[in-house]
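User: Hi! Could you walk me through this one?

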Amino acid sequence: MKLVIDEERCKGCNLCTMVCPYRIFRPGTRANRKGILVPELDRPERCTNCRLNRLYGRTLCGICQLTCPDQAISWVDEKPYEPVRMEVEY
Ligand code: SF4
Ligand code: SF4
């Protein structure tokens, strides 16, 4: 599972940067083609959903997705050949 932000939907409100307990979302620094500062992801593999969804088969946090007013946050399956880096914080 991989966390993604849909740049076409995001309006740069930064609500996701405020609610994530792991501070995975950072305020964006570069405007996209619509002039919107889409948040950047800081080591998204730390997200509980990215790490543990497959193990437990259910959504384990999802606060960012629930909070996003534009339904711009989702998780996608990773392709088998994509490298996976895991970092666990205690
Ligand atoms: S699901 Fe939870 S831990 Fe993962 S990015 Fe969203 S708010 Fe952060
Ligand atoms: S909450 Fe949604 S619309 Fe707002 S900055 Fe985050 S991804 Fe973009």
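User: To start, in what order do the elements of the protein chain run from the N terminus on?

Analyst: Happy to help. The order is β-α-β-β-α-α-β, so to speak in shorthand, with three helices and four strands in the protein chain. Keep in mind that this is a predicted model.

User: Thanks. What radius of gyration does the protein chain have, and what would a compact globule have?

Analyst: The protein chain has 13 Å, which agrees with the value near 12 Å for a compact globule of 90 residues. Along the principal axes, its C-alpha atoms fill a box of roughly 40 × 30 × 20 Å.

User: What share of the residues is buried?

Analyst: Buried residues come to 19% of the 90 in the protein chain.

User: And how much of the contact total comes from residues 24 or more positions apart?

Analyst: They account for 59% of the contacts in the protein chain that have a separation of 6 or more.

User: OK, ligands. Which residues come nearest to ligand 1?

Analyst: Cys 20, Cys 47, Cys 61, Ile 63 and Cys 64 come nearest, out of 13 residues around ligand 1. By class, that shell has 10 nonpolar residues, three polar ones and no charged ones.

User: Which helices supply at least two residues each to that shell?

Analyst: Helix H2 (48-56) and helix H3 (63-67) each do so. Ile 63 lies in helix H3.

User: Is Ile 63 buried, exposed or partly exposed?

Analyst: Ile 63 is partly exposed, because 14 other C-beta atoms lie within 10 Å. Not counting residues up to four places away in sequence, Ile 63 touches Val 19 and Cys 20. As for Trp 75, it is 12 residues from Ile 63 in sequence and 13 Å away in space, C-alpha to C-alpha.

User: Now ligand 2. Which residues come nearest there?

Analyst: Around ligand 2 there are 14 residues, and Cys 10, Cys 13, Leu 15, Cys 16 and Cys 68 come nearest. The shell divides into nine nonpolar, three polar and two charged residues.

User: Let's look at the core. Which members of the largest nonpolar core touch the most other members?

Analyst: Cys 16, Cys 64 and Ile 73 do, in a core of 14 residues. Two of those names came up with the ligands: Cys 16 is among the residues nearest ligand 2, and Cys 64 is among those nearest ligand 1. In soluble globular proteins, nonpolar side chains tend to be buried together.

User: What is Cys 16 in contact with, leaving aside neighbours within four places in sequence?

Analyst: Its contacts are Phe 25, Pro 39, Cys 64, Thr 67, Cys 68 and Ile 73. Cys 64 and Ile 73, on that list, are also core members.

User: Switching to strands. Which side chains of S1 point to which face?

Analyst: In strand S1 (residues 2-5), Leu 3 and Ile 5 point to one face and are buried, while Lys 2 and Val 4 point to the other face and are not buried. In a regular strand the side chains alternate between the two faces of the sheet.

User: How many bridges join S1 to S4, and do the two run parallel or antiparallel?

Analyst: Four bridges join S1 to strand S4 (residues 73-76), and the two run antiparallel. Within that pair, Val 4 stands opposite Ser 74 in S4.

User: What about Pro 44: where does it sit, and is it buried or exposed?

Analyst: Pro 44 sits in the loop between strand S3 (40-41) and H2. It is buried, because 20 other C-beta atoms lie within 10 Å, and 20 or more is what counts as buried. Beyond four places in sequence, Pro 44 is in contact with Leu 3, Ile 24 and Cys 50. Cys 61 is 17 residues from Pro 44 in sequence and 13 Å away in space, C-alpha to C-alpha.

User: Any backbone oddities? What is the phi of Arg 23?

Analyst: Arg 23 has a positive phi of about 50 degrees although it is not a glycine. Arg 23 is in the loop between helix H1 (15-19) and strand S2 (25-26), and it counts as exposed because it has 12 C-beta neighbours inside 10 Å. Gln 71 is another non-glycine residue with a positive phi, near 50 degrees.

User: Where is Gln 71 found, and is it buried or exposed?

Analyst: Gln 71 is in the loop between H3 and S4. With 10 C-beta neighbours inside 10 Å, Gln 71 counts as exposed.

Technical notes: Residues numbered from 1 in each chain as written. Chains lettered and ligands numbered in written order. Predicted model: local features only at pLDDT ≥ 70, side-chain atom pairs only at ≥ 80, totals over all residues. Near = placed C-beta within 6 Å. Nonpolar A, V, L, I, M, F, W, Y, C, P; charged D, E, K, R; others polar. Core = buried A, V, L, I, M, F, W, Y, C linked by C-beta atoms within 7 Å. Contact = placed C-beta atoms within 7 Å. Pairing = 2+ DSSP bridges. Rg over C-alpha atoms; globule rule 2.2 N^0.38 Å.
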